[in-house]
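Ready for a few warm-up exercises? Have a look at the model first, then work through the tasks one at a time.

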Amino acid sequence: VGGQASWNGSELVAPGGAVAVQSGYVIGELLRKRGFRPRELVKSADDGLRLLLSGMYDIAILQGKEASYLVRTDARFQHRVLQAPLPYAAIDCHLAFGRAAYARDPRRAEAIWQSIAAERRSPAYRQLLGDAGASE
């Protein structure tokens, strides 16, 4: 979609500072702290991409996997939406269990934590970190 927005991996340019983001998405607060005006108007990546096509916004920061999949596979967005090769942000999220849930099934909680740890040690994850210019 035409527009004046850009992201080069270090500098975000958004006309008028407006950026469409999914409602409740933590990136909204990060954008506010950086002086942008996040517009939390959509609930899904599909909604955000349709908003771009409407011309209402030049840029959207959406949850990666869903948005990437739609841009690659959905005829409405293919060849009409350009996804930047580098993500805008990779945000740490911490998994926490309530004491009662952990007490009910500690093996399950430990298995989930171990699966996450194994994935983070995987070559694919390390490559993803490197490609994003991120460190652990």
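Before we start, one term: a contact means heavy atoms within 4.5 Å. Keep in mind too that this is a predicted model.

**Exercise 1. Get your bearings: list the elements of the chain in order, then describe its overall extent.**

Solution. Step one: count the elements, and you get six helices and five strands. Step two: walk along from the N terminus, where the order reads β-β-β-α-β-α-β-α-α-α-α. Step three: draw a box along the principal axes; the C-alpha atoms fill roughly 50 × 30 × 30 Å. Step four: look at burial, where 27% of the 136 residues turn out to be buried. Step five: check the surface, about 9,400 Å² of which is exposed, with carbon and sulfur atoms supplying 53% of it.

**Exercise 2. Tally the charged side chains and say how far apart the centres of the two sets lie.**

Solution. Start with the positive side chains, 18 of them, then take the negative ones, 14 in number. Now compare the centres of the two sets: they lie 4 Å apart.

**Exercise 3. Find the largest nonpolar core and say which elements give two or more residues to it.**

Solution. First, collect the members: the largest nonpolar core has 11 residues, including W7, L12, V21, F36 and Y88. Next, ask about the elements; those giving two or more residues are β3 (18-22) and α1 (27-33). Then zoom in on W7, leaving out residues up to four places away in sequence: W7 touches L12, A84, L86, P87 and Y88. Finally, don't miss a second, separate core of nine residues, with A45, L62, F77 and V81 among them.

**Exercise 4. Which residues of helix α2 are buried, and what covers them?**

Solution. Go through α2 (residues 45-54) and pick out the buried ones: A45, D46, G48, L49, L51 and L52. Now look for their cover, which includes β3, β4 (37-42), β5 (60-61) and α3 (64-73). Last, step past the helix: α2 is followed by G55, whose phi is positive, near 85 degrees.

**Exercise 5. Search for aromatic pairs and classify the one made by Y102 and W113.**

Solution. The whole structure yields three aromatic pairs. For Y102 and W113, the ring centres are 6.0 Å apart and the planes meet at 35 degrees, so this pair is tilted. The cut-offs behind that step: planes under 30 degrees apart would count as stacked, and over 60 as edge-to-face. Where do the partners sit? Y102 belongs to helix α4 (residues 99-104) and W113 to helix α5 (residues 106-121), 11 residues apart. Both are partly exposed: Y102 has a relative accessible area of 28%, and W113 one of 30%. To finish, note that ring pairs link F97, Y102 and W113 into a cluster.

**Exercise 6. Are H79 and S68 buried or exposed?**

Solution. Take H79, which sits in the loop between α3 and α4. Its relative accessibility is 83%, and exposed means over 50%, so H79 is exposed. While you're there, check the backbone of H79: phi is near 65 degrees, a positive value in a residue other than glycine. Now move to S68, in helix α3. Its relative accessibility is 15%, and buried means under 20%, so S68 is buried. As a last step, place S68 against G17: they are 51 residues apart along the chain, and their C-alpha atoms are separated by 23 Å.

Definitions and conventions: Residues numbered from 1 in each chain as written. Predicted model: local features only at pLDDT ≥ 70, side-chain atom pairs only at ≥ 80, totals over all residues. Heavy atoms only, no water. Helix = DSSP H or I, 4+ residues; strand = E, 2+ residues; numbered from the N terminus. Buried < 20%, exposed > 50% of the residue type's maximum accessible area, 1.4 Å probe, protein only. Areas by Shrake-Rupley, 256 points an atom, 1.4 Å probe, with all protein chains shown as cover. Lys, Arg positive; Asp, Glu negative; His and termini not counted. Charge placed at Lys NZ, Arg CZ, Asp CG, Glu CD. Core = buried A, V, L, I, M, F, W, Y, C linked by side-chain atoms within 4.5 Å. Phe/Tyr/Trp six-rings, centres within 6.5 Å; stacked < 30°, edge-to-face > 60°.
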